[in-house]
Amino acid sequence: QVQLVESGGGLVQAGGSLRLSCVASGSIISINYMRWYRQAPGKERELVAGITSDSNTNYVDSVKGRFTISRDNAKNTVYLQMNSLKVEDTAVYYCNAYLLNATRPFTWRDYWGQGTQVTVSS
């Protein structure tokens with residue numbers, strides 16, 4: 001019943017910006033960390049950014065200074081603001097969250113969204 005749904009992907013020129021959103025819906029009691037991953041064709045899925053329940057953040061070195069992760073706990077939403085986009089940022093971006101669902105038996109586990117395509121043109 002719990003779902004993560006990403007939005008905001010699309011086509012943008014190098015140097016441009018894009019803002020991704022991920023909304024967690026369903027019977028949710030609490031959300032611990034939320035993360036963004038990405039995967040390009042032929043490459044492994046890569047952790048891009050993460051944010052904890054107290055808003056501590058971490059980023060892969062390749063996006064530091066360009067991407068910003070944030071969350072709105074009241075809306076069960078995580079965002080990824082992507083600036084100064086590069087061609088190598090092209091990938092499917094996935095939302096991931098560790099949360100406690102409200103359906104018995106209560107369970108903490110990772111949930112994944114279906115992904116949103118980000119394409120950066122030269």
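Let's start with charge: in this predicted model, the protein carries 12 positive and 9 negative charges, and the mean positions of the two sets are 4 Å apart. The surface on which one might look for such groups comes to about 6,500 Å² of exposed area, with carbon and sulfur atoms supplying 46% of it.

Now for the overall fold. The protein has 11 strands and 0 helices, so if you read along from the N terminus, the elements simply run β-β-β-β-β-β-β-β-β-β-β. How does the radius of gyration of the protein agree with that of a compact globule? For 122 residues, such a globule would have a value near 14 Å, and the protein has 14 Å, which agrees. The C-alpha trace, followed along its principal axes, spans about 50 × 25 × 25 Å. Of the 122 residues, 40% count as buried. The contacts tell you about the chain's connectivity too: take those between residues at least 6 apart in sequence, and 56% of them join residues at least 24 apart.

A good place to enter the structure is strand β1, which covers residues 3-7 and includes Val5. This strand has two faces to look at. Leu4 and Glu6 make up the covered face, while Gln3, Val5 and Ser7 belong to the uncovered one. Is Val5, then, buried or exposed, or somewhere in between? Its relative accessible area is 44%, and because the partly exposed class lies between 20% and 50%, Val5 counts as partly exposed. Setting aside neighbours within four places in sequence, Val5 is in contact with Ser21, Cys22 and Val23. For a sense of distance across the model, the C-alpha atoms of Val5 and Glu46 are separated by 19 Å, with their positions 41 residues apart along the chain.

The contacts of Val5 lead us on to strand β3, residues 18-25, which pairs with β1 in the antiparallel sense over 5 bridges. Two residues of the covered face of β1, Leu4 and Glu6, give you handy landmarks for the register. Leu4 stands opposite Ala24, and the bridge partner of Glu6 is Cys22. Strand β3 also pairs with strand β8, residues 77-82: here 6 bridges join the two, and again they run antiparallel. If you want to find this pairing on screen, look for Ser21, which stands opposite Tyr79 in β8. Ser21 is also one of the residues in contact with Val5. Following these pairings, then, you can step from β1 to β3 and from β3 to β8.

Moving further along the chain, we come to strand β9, residues 91-101, and strand β10, residues 108-112, which are antiparallel and joined by 5 bridges. One pair to look for is Leu100, which stands opposite Trp108. What joins β9 to β10? The connection is a hairpin that passes through 6 residues.

The loop between β9 and β10 deserves a pause if you care about backbone geometry. Both Arg104 and Pro105 lie in this loop, and a cis peptide bond joins them, with omega about -5°. Arg104 has a relative accessible area of 71%; since anything over 50% counts as exposed, Arg104 is exposed. Measured off in space, C-alpha to C-alpha, Arg104 and Tyr33 are 21 Å apart, and 71 residues apart in sequence.Two serines round off the backbone tour. Ser55 is a residue other than glycine with a positive phi, near 70°, and its place is in the loop between β5 (46-51) and β6 (57-59). At 42% relative accessibility, Ser55 counts as partly exposed. Ser84 also has a positive phi, near 50°, and is found in the loop between β8 and β9. The relative accessible area of Ser84 is 42%, which makes this residue partly exposed.

Conventions: Residues numbered from 1 in each chain as written. Predicted model: local features only at pLDDT ≥ 70, side-chain atom pairs only at ≥ 80, totals over all residues. Heavy atoms only, no water. Helix = DSSP H or I, 4+ residues; strand = E, 2+ residues; numbered from the N terminus. Rg over C-alpha atoms; globule rule 2.2 N^0.38 Å. Buried < 20%, exposed > 50% of the residue type's maximum accessible area, 1.4 Å probe, protein only. Contact = heavy atoms within 4.5 Å. Areas by Shrake-Rupley, 256 points an atom, 1.4 Å probe, with all protein chains shown as cover. Lys, Arg positive; Asp, Glu negative; His and termini not counted. Charge placed at Lys NZ, Arg CZ, Asp CG, Glu CD. Pairing = 2+ DSSP bridges.
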